[in-house]
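Work through the exercises below with the coordinates open. Each task is followed by a solution in steps.

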Amino acid sequence: MSLTRKLTILVTSTVFFITLIAAGWGFYVSDHQLEELFDAELAQSTRIVQGLVEHLSTTQSVDQLSHTLSKTLELPESVYRGDEEEDEILPGGAGHKYERKIAFEVWSPEKEPILDTLRANDSQGLEPGFAWQEVTGYQWRTFTLRDPATGFWIRTAQREDVRDELSQEIALGNVLPFLVVLPLLAMAVIVSIQVGFQPLRKLEKPVRNMAPENIHPLDDRQAPKEVAGLVQAVNGLLRRLNQALERERRFSADAAHELRTPLTALRLNLEKACEDNPEQYRDLIRSVDRMVHLVEQMLLLNRVDSGADFSPEYHNLSAILEQSIADVAPLALKKDIEPVLQDDASQALVCCHSALINTLMRSLLANAIQYSPEHTVVETRLAPSGDGYHITVCDQGPGIPPEERERALSRFVRLDQRLGGGAGLGLAIARRIAELHGGQLTLNGRPDGQPGLCVSIWLPARPTLRNRTS
């Protein structure tokens with residue numbers, strides 16, 4: 001799992017968990033505080049009625065007081081009509097349907113009821129303070145007090161479902177912003193992590209695109225403080241790796257140079273020694289030729305690996321292919337093989353190193369001719385493909401099994417020692433030249449299903465630094 005994904009999961013999970021806890025805690029606190037507020041409001045309503053009763057009792061008899069309170073506090077019949085789900089405001093603005101969920105009771109000092117909109121069973125007597133009481137199938141929250149001046153008992157009641165509905169709606173309203181903001185917060189966390197990792201991605205890009213022939217230290221000025229030490233360590237490793245590769249390249253080049261001169265002298269001496277009998281040292285001369293060829297290929301591979309003198313210019317790829325076929329024509333004539341060029345992209349301009357592309361094609365064509373039976377055809381096709389061109393060289397030889405094709409592109413690998421006389425570097429050099437131009441080289445079977453091998457090369461019309469690092 002990537003560090004970005006791990007951090008994203010950890011941070012978003014933590015934020016999600018903490019937000020849920022905060023929302024739950026907020027819901028609980030809001031609901032509790034609203035219950036307290038409703039109780040205070042219930043007590044305040046009771047005291048308002050207490051004041052009303054105290055004022056009226058000084059001028060009215062009990063019967064008159066009962067009539068006045070009923071006329072003032074009892075609800076009109078229109079409030080009790082209609083469904084629970086109807087609009088909350090009654091028709092004509094006559095009131096609110098929630099009014100029937102608030103009730104008042106008043107008793108005389110002798111505990112005779114003079115007002116009862118709750119219609120509760122009060123057989124258990126009157127007790128001051130808050131209480132719960134079940135009436136007509138509903139729980140009611142009540143507050144009862146006795147007026148010390150007049151001795152009247154007053155009780156106000158609210159239905160529990162109304163209190164719960166209101167308190168939960170208000171509490172949910174307080175919590176809902178948390179739940180709405182949560183996805184936005186998660187997205188902000190993800191974006192922030194992505195932005196925070198951008199400096200690391202900037203460091204990754206040069207490493208990904210770094211070619212073996214162009215190893216250089218990373219710019220530690222872009223490195224975050226937390227990974228500055230790691231970047232410095234990587235730079236040290238890159239310097240040591242570059243030095244090791246440079247020593248290896250210098251050794252290969254020096255060894256090849258040192259071998260080429262004595263091998264050339266050896267061959268001249270052998271030719272001179274067998275002037276009278278050419279067959280005497282024929283096998284020895286062939287061995288020397290193979291060694292000279294190996295040295296030349298090692299020098300070429302060293303030059304391609306180092307990228308030295310690689311200065312591509314625009315050339316006509318069709319002309320290079322025609323020249324390459326002409327170069328290998330003597331080999332083809334020896335086996336009566338007909339090299340054929342099918343050019344579907346005439347005048348294909350490619351930014352390339354013409355000598356290296358010519359070397360690549362000559363190596364592939366020579367291989368194709370070497371492994372093809374006599375009196376056959378080696379087909380070369382050039383066609384446009386995307387931002388570049390596709391070259392295919394197909395022979396009618398034994399081919400290479402699919403599982404061996406990648407290994408055949410490795411250096412110093414000859415799948416069948418009995419066939420050919422190369423050193424196992426031709427395909428490796430060809431692939432490296434294609435990669436140096438930002439292209440690719442792959443081995444495939446013939447498209448017609450017949451025995452043989454098709455080497456496919458894709459070359460971009462304009463090589464890029466990124467492609468050269470493959």
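**Exercise 1. Cysteines**

Task: Find how far the sulfur of C352 is from the closest cysteine sulfur, and decide whether C352 is buried or exposed.

Solution.
Step 1. The closest cysteine sulfur to that of C352 belongs to C351, at 7.1 Å, which is too far for a bond. A disulfide is defined here as a pair of cysteine sulfur atoms within 2.5 Å.
Step 2. C352 is buried, at 1% relative accessible area. The classes are buried (under 20% relative accessible area), exposed (over 50%) and partly exposed (in between), with a 1.4 Å probe and protein chains only.
Step 3. For C351, the closest cysteine sulfur is that of C352, again too far for a bond at 7.1 Å. C351 is buried too, with a relative accessible area of 12%.

The basis of these values should be kept in mind: the model is predicted, local features need pLDDT of at least 70, side-chain atom pairs count only at pLDDT 80 or more, and totals for chains, interfaces and linings use all residues. Residues are numbered from 1 along each chain as its sequence is written, and side-chain values use heavy atoms, with hydrogens and water left out.

Task: Count the disulfides and give the handedness of the pair C394 and C454.

Solution.
Step 1. The sulfur cut-off yields 1 disulfide. C394 and C454 form a disulfide, with 2.0 Å between their sulfur atoms.
Step 2. This pair links distant parts of the chain, 60 residues apart: C394 is in strand 10 (residues 388-394) and C454 in strand 12 (residues 454-460). Strands (E, at least two residues) and helices (H or I, at least four) are DSSP runs numbered from the N terminus.
Step 3. The torsion about the S-S bond of C394 and C454 is about 115°, so the disulfide is right-handed.
Step 4. C394 and C454 are both buried.

**Exercise 2. Surroundings of S30**

Task: State which element holds S30, and which residues S30 is in contact with beyond four places in sequence.

Solution.
Step 1. Helix 1 (residues 3-57) contains S30.
Step 2. A relative accessible area of 16% makes S30 buried.
Step 3. A polar atom of the S30 side chain lies 2.8 Å from the backbone oxygen of G26.
Step 4. With neighbours within four places in sequence left aside, S30 is in contact (heavy atoms within 4.5 Å) with A171 and N174.

**Exercise 3. Salt bridges**

Task: Give the number of salt bridges, then place the pairs D39 and R163, E105 and R155, and R432 and E435 in their elements.

Solution.
Step 1. A salt bridge is a side-chain nitrogen of Lys or Arg within 4 Å of a carboxyl oxygen of Asp or Glu. The count by this rule is 14 salt bridges.
Step 2. D39 and R163 meet through their side chains in a salt bridge of 2.7 Å, N to O. Because D39 lies in helix 1 and R163 in helix 4, the pair ties together parts 124 residues apart in sequence. D39 is buried at 12% relative accessible area, and R163 is buried at 3%.
Step 3. D39 and R163 also belong to a network of salt bridges that links them with E35 and R141.
Step 4. The side chains of E105 and R155 form a salt bridge at 3.2 Å, N to O. E105 is in strand 1 (residues 102-107) and R155 in strand 5 (residues 153-159), so this pair ties together parts 50 residues apart in sequence. E105 is buried with 1% relative accessible area, and R155 is buried with 6%.
Step 5. R432 forms a salt bridge with E435, the closest N and O atoms lying 3.6 Å apart. R432 and E435 are 3 residues apart in helix 12 (residues 426-436), so about one helical turn separates them. Relative accessibility is 7% for R432, which counts as buried, and 18% for E435, also buried.

**Exercise 4. Nonpolar patch**

Task: Which residues make the nonpolar surface patch, and which helix gives the most to it?

Solution.
Step 1. Patches are made of residues with over 30% relative accessible area and no salt bridge; like charges are joined within 9 Å, and nonpolar side chains (Val, Leu, Ile, Met, Phe, Trp, Tyr) within 5 Å.
Step 2. F16, L20, L176, F178, L179, V180, V181 and L185 make a nonpolar patch of about 670 Å². Accessible areas come from the Shrake-Rupley method with a 1.4 Å probe; for residues, only the protein chains shown count as cover.
Step 3. At least two residues of the patch come from each of helix 1 and helix 4 (160-196). Helix 4 gives the most, with 6 residues.
Step 4. L20 lies in helix 1 and is partly exposed, with a relative accessible area of 39%.

Definitions and conventions
Polar contact = N/O pair within 3.5 Å; in protein donor to acceptor, adjacent residues only side chain to side chain.
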